[in-house]
Every structure is written in C-alpha cells, then in structure tokens.
Amino acid sequence: MGLADFTLAAKQNRSLQRQLKQRDRQAQWEKEAIAISNKMVLESSSSDSDTDCCSDQPTASVVQEDILPVRRRKGTKNILTQQLAMSLDRTKPTYKLLIQTMTQQQADNCSFNPFDLTKVWPHADYPLRPVGRLTLNRNPMNYFAEVEQLAFSPSNFVPGIAASPDKMLQGRLFSYHDTHLHRLGPNYLQIPVNCPYRSNVRNYQRGGAMCVDGNQGEGPISPF
C-alpha cells in the first residue's frame, strides 16, 4: 500500500468514526427528548370547560429545567420543535395572548420613540392586557400543504386596526405580499391553508396563473 492509499484509508476511517459518533449522539438526543416529553405537566382543566379565555387558569406546560440542559448542547437546535410535536400527541398546549396599548397622548409625551423596535415599553407604565388564548390542537397532517405554503402578512388587518409608523413594519407591509407572489404565485390566497375564513372576496383583481376556484363566477370584471 502506497502512502497515498494509506492517507486515503486513514481519512475514510476518521470520517466513519465521526459518522458513528454523530449517530450515537442523535440517538441519545432522541431518548432525552422522549424522556422530557414523558415529564410534561398537564395542569389545565378540560378544554370543554366554560372558563374565561383570558383567565389565569394554568395551562399545559413543559418542565423548563428539563429542557434547558438539552437545548444548550451542540446540535440540538430543533429540540424545542421536536418537543412541541411530541407534546401535541398527548395534550393541547395553550398560550395566553397579551398586548400593550398606548394612547395618542401617551405617545406624544413618551420619553423615547415608542415605534423604535429596539425599545421595550415598560410594563409598569403600559401593562399587559389579555385579549385571548392560542391553543395548538394538532400536528400538521401534511407539512408542505399546511406549513410550507403558509403565507402570513402584517398587511392583513381587521377593521378598526391600522399600521403604526414603525419603519420596519412599513417595509414589511408590502414586502411580505411581494414575497408570497414570488414564492407561491399570484393566487396564493386560494391555497386552502391561506383562504380567508368564512369570507367571500369580491373585487376586480382576479384571474392569472394558477386560479383554482370559481374566479368569482359571473361577477363584474375590470373595465381597464
């Protein structure tokens, strides 16, 4: 065996050893993730109860001290995603939705720019207000259809809410929609996971590539 052959064999041997070690580490991480999932603490009452959605009732949670040692280890960047997926097979994690509000007068007299996203509104001056509850009730049945085709956009407002002068938000108001047009096509709102819930669109802007619904039937078209 020549020197070149010996060097190649040594490199292949080291590569094989690294692969075996990585496989052993992955198996250990999976075992630890399963052990963490088995320690989940379910303190919430039945989801069918008539409790207030913004109440202080305890919800399903994970023992935090069990997650931190695993999360800090090298190569475990997806441990929380794995933990969430495994917990959804057992329970329904619930999260409170809270917001902070500021009047126009408070904004005018604020000591800092309230629309600077590098600043944090003091909770003592602008307390957190509960507005709802978010419950995750299942894992995606099809990851591509229900996750990769999602199209969130901060320009989707309900009546009564308008955009703030936050410069980062102002840029995202158009860039998100523009990105979806490139990534999913001009009719991305017709994809089932993005369809507006219980609403029917009535406008002149329709047609185009990948139009998969009735295209508003015999509705009027743009004269231009």
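These are my notebook entries on a predicted model, covering one helix, a few single residues, the cysteines and the aromatic rings.

**Helix H6**

I began with the length of helix H6, residues 167–184. At 1.5 Å a residue, its 18 residues should span 26 Å, and I found the end C-alpha atoms 26 Å apart, so the two values agree.

I then looked for a bend and found one of about 30 degrees at leucine 173. Leu173 is also on the list of buried residues of H6, together with His180 and Leu184. I looked up what covers these buried residues, and the cover includes helix H5 (143–148).

Next I checked both ends. At the start of H6, a side-chain oxygen of aspartate 166 comes to within 3.0 Å of the backbone nitrogen of methionine 168. Just after the helix, I noted a positive phi of about 105 degrees at glycine 185.

**Aspartate 178**

I picked aspartate 178 as a single residue of helix H6. Its relative accessibility is 47%, so I entered aspartate 178 as partly exposed, since that class lies between the 20% and 50% cut-offs. I also took its distance to serine 153: the two are 25 residues apart in sequence, and their C-alpha atoms are 9.9 Å apart in space.

**Valine 131**

I found valine 131 in strand S2, residues 129–135. Valine 131 has 42% relative accessibility and therefore counts as partly exposed. I looked up leucine 97 as well, which is 34 residues away from valine 131 along the chain; the C-alpha to C-alpha separation is 5.9 Å.

**Cysteines**

How many disulfides are there? I counted 0, taking a pair of cysteine sulfur atoms within 2.5 Å as the criterion. I recorded accessibility for two cysteines. Cysteine 110 is at 17% and so counts as buried. Cysteine 195 is at 37%, which means it is partly exposed.

**Aromatic rings**

I searched for aromatic pairs and found 1 in the structure. The partners are tryptophan 121 and tyrosine 126, with 5.5 Å from centre to centre and 55 degrees between the planes. I logged the pair as tilted, because planes count as edge-to-face only over 60 degrees and as stacked under 30.

Are the two partners, tryptophan 121 and tyrosine 126, buried or exposed? Tryptophan 121 has 18% relative accessibility and is therefore buried. Tyrosine 126, at 8%, also counts as buried.

Conventions
Residues numbered from 1 in each chain as written. Predicted model: local features only at pLDDT ≥ 70, side-chain atom pairs only at ≥ 80, totals over all residues. Heavy atoms only, no water. Helix = DSSP H or I, 4+ residues; strand = E, 2+ residues; numbered from the N terminus. Expected span 1.5 Å × (residues − 1). Bend = angle between axes of the 7 residues up to and from the residue. Buried < 20%, exposed > 50% of the residue type's maximum accessible area, 1.4 Å probe, protein only. Contact = heavy atoms within 4.5 Å. Polar contact = N/O pair within 3.5 Å; in protein donor to acceptor, adjacent residues only side chain to side chain. Phe/Tyr/Trp six-rings, centres within 6.5 Å; stacked < 30°, edge-to-face > 60°.
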